[in-house]
Amino acid sequence: MSNASLVYPMCALFALTVFVLVTMFRRRVGAVRAEQVPAKYFRVYQGAAEPEASAQASRHFTNLFEAPTLFYVACVTAIATQQVTLAMVVLAWGYVLARVVHAWIHLGANRLTPRIRIYGVSWLMLLAMWITLLAHVARGG
């Protein structure tokens, strides 16, 4: 497979991150306009309670800089070591799909049980990516 095959799921996850950023911004502006929180709260995030919808989006945005960092590193490492395989690409897309579903749940109804389950699935995909990468590198390529 072409090394570029992993660039597409990386771009898709980046697009999800941008979408969540815009969602967070819109929810924060909406909360200020609805007078649910004063604008000055966002200077140092103290002195008031952030509304739930805004806090959800903020937490989700932060989360996209936690585990997904390991996804990006796995993809870049696979590209750098010429280990872009069909399995790796399928797992990468599986991870992105799981993260999209996780965002949909978290930013929507925010039901805890399905959110935890899909988050677990995303971690299994990520773990499988790293195991696949390690196995190919250990075999010498």
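This report describes the aromatic pairs, salt bridges and nonpolar core of a predicted model.

**Aromatic pairs**

Six aromatic pairs are found when the whole structure is searched. One of them joins Tyr 41 and Tyr 45, whose ring centres are 5.7 Å apart; the planes meet at 85°, so this pair is edge-to-face. The pair brings together two surroundings: Tyr 41 is buried, with a relative accessible area of 7%, whereas Tyr 45 is partly exposed at 41%. Tyr 41 and Tyr 45 also belong, with Phe 42, to one aromatic cluster.

Phe 61 and Phe 65 form an aromatic pair as well, with 5.1 Å from centre to centre and 70° between the planes, and this pair is edge-to-face. Phe 61 has a relative accessible area of 18%, and because residues under 20% count as buried, Phe 61 is classed as buried.

**Salt bridges**

Side chains of opposite charge can pair when their charged atoms come close. The structure holds two salt bridges, which are set out below.

| Salt bridge | Closest N and O atoms | Relative accessible area |
|---|---|---|
| Glu 50 and Arg 28 | 3.4 Å | Glu 50 18%, Arg 28 14% |
| Arg 59 and Glu 66 | 3.3 Å | Arg 59 42%, Glu 66 36% |

What does the salt bridge between Glu 50 and Arg 28 tie together? Glu 50 lies in the loop between α2 (41-44) and α3 (52-63), while Arg 28 lies in helix α1 (residues 7-33), so the pair ties together parts that are 22 residues apart in sequence. Glu 50 counts as buried, and Arg 28 is buried too. In the other salt bridge, Arg 59 counts as partly exposed, and Glu 66 is likewise partly exposed.

**Nonpolar core**

In soluble globular proteins, nonpolar side chains tend to be buried together. In this model, the largest nonpolar core comprises 26 residues, and those with the most contacts inside it are Leu 6, Phe 71, Cys 75 and Met 129. Two or more residues are given to this core by each of α1, α3, α4 (67-80), α5 (86-107) and α6 (112-138). Of these elements, α5 gives the most, with eight residues.

Which residues does Cys 75 contact, leaving aside its neighbours within four places in sequence? Cys 75 is in contact with Leu 6, Met 10, Ala 92 and Met 129. Leu 6 and Met 129 thus appear twice in this account: they are contacts of Cys 75, and they are among the residues with the most contacts inside the core.

Definitions and conventions
Residues numbered from 1 in each chain as written. Predicted model: local features only at pLDDT ≥ 70, side-chain atom pairs only at ≥ 80, totals over all residues. Heavy atoms only, no water. Phe/Tyr/Trp six-rings, centres within 6.5 Å; stacked < 30°, edge-to-face > 60°. Buried < 20%, exposed > 50% of the residue type's maximum accessible area, 1.4 Å probe, protein only. Salt bridge = Lys/Arg side-chain N within 4 Å of Asp/Glu carboxyl O. Helix = DSSP H or I, 4+ residues; strand = E, 2+ residues; numbered from the N terminus. Core = buried A, V, L, I, M, F, W, Y, C linked by side-chain atoms within 4.5 Å. Contact = heavy atoms within 4.5 Å.
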